[in-house]
Amino acid sequence: MTDVISTSRPSVNSVFIWKVSLIAGLGGILYGFDMGIIAAALIFVRTTFSLSTRMEEVVVSVVLVGSMVGAVVGGVFADRAGRRATLVWGGVLFIAGSILAPISPNVLSLILSRTLLGVAIGLTSVTAPVYVSELAPPQSRGC
């Protein structure tokens, strides 16, 4: 008597896989978009706020500082509040920062809104891959 081991995998809903992939892609797009958009906008920001070279550097790099803070806090927040809630809060912060940055009346509010954008990017960058891996069907993990 020989035992037959079934090697067939259960079917996976392809629509579900596409949704999960979209979530993963959006997490990466947030970071790239916000870092890239300042390059074109800096010409106008420089003249609007009469920025020195040093202040230009601060306006550009503050997103990275916010991203580091968001990434450090994001793991703890995701463990306590949940991955989905963390991604939703990251989205809310990103929307708020995206609205506040262009209407900033002075350079300080621009720096604060870009810091907020950085925190949102950090939150989503650390949480989105974990969320996607948890959403992936068990038979598709590690492939």
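**Salt bridges between helices**

Visitor: Which side chain meets Arg83 in a salt bridge with N and O 3.3 Å apart?
Guide: A salt bridge here is a side-chain nitrogen of Lys or Arg within 4 Å of a carboxyl oxygen of Asp or Glu. At 3.3 Å, N to O, Arg83 meets the side chain of Glu134.

Visitor: How many residues apart in sequence are the parts that this pair ties together?
Guide: This is a predicted model: local features need pLDDT of at least 70, side-chain atom pairs 80 or more, while totals for chains, interfaces and linings use all residues. Numbering starts from 1 along each chain, and side-chain values use heavy atoms, without hydrogens or water. Helices are DSSP runs (H or I, at least four residues), numbered from the N terminus. Arg83 lies in helix α3 and Glu134 in helix α4, so the sequence gap is 51 residues.

Visitor: Which residues do salt bridges that share partners join into one network?
Guide: Arg83 also forms a salt bridge with Asp79, at 3.2 Å between the closest N and O atoms. Arg83 meets Glu134 as well. The network therefore joins Asp79, Arg83 and Glu134.

Visitor: Is Asp79 buried or exposed?
Guide: Buried means under 20% relative accessible area, exposed over 50%, partly exposed in between (1.4 Å probe, protein chains only). Glu134 has 42%, so Glu134 is partly exposed. Asp79 has 58%, so Asp79 counts as exposed.

Visitor: Which residue meets Arg46 in a salt bridge, and is that residue buried or exposed?
Guide: The bridge spans 2.7 Å, N to O, and the partner is Glu56. It links helix α2 (residues 53-81), home of Glu56, to helix α1, home of Arg46. Arg46 is partly exposed at 34%. At 14%, Glu56 counts as buried.

Definitions and conventions:
Helices (H or I, at least four residues) and strands (E, at least two) are DSSP runs, numbered from the N terminus.
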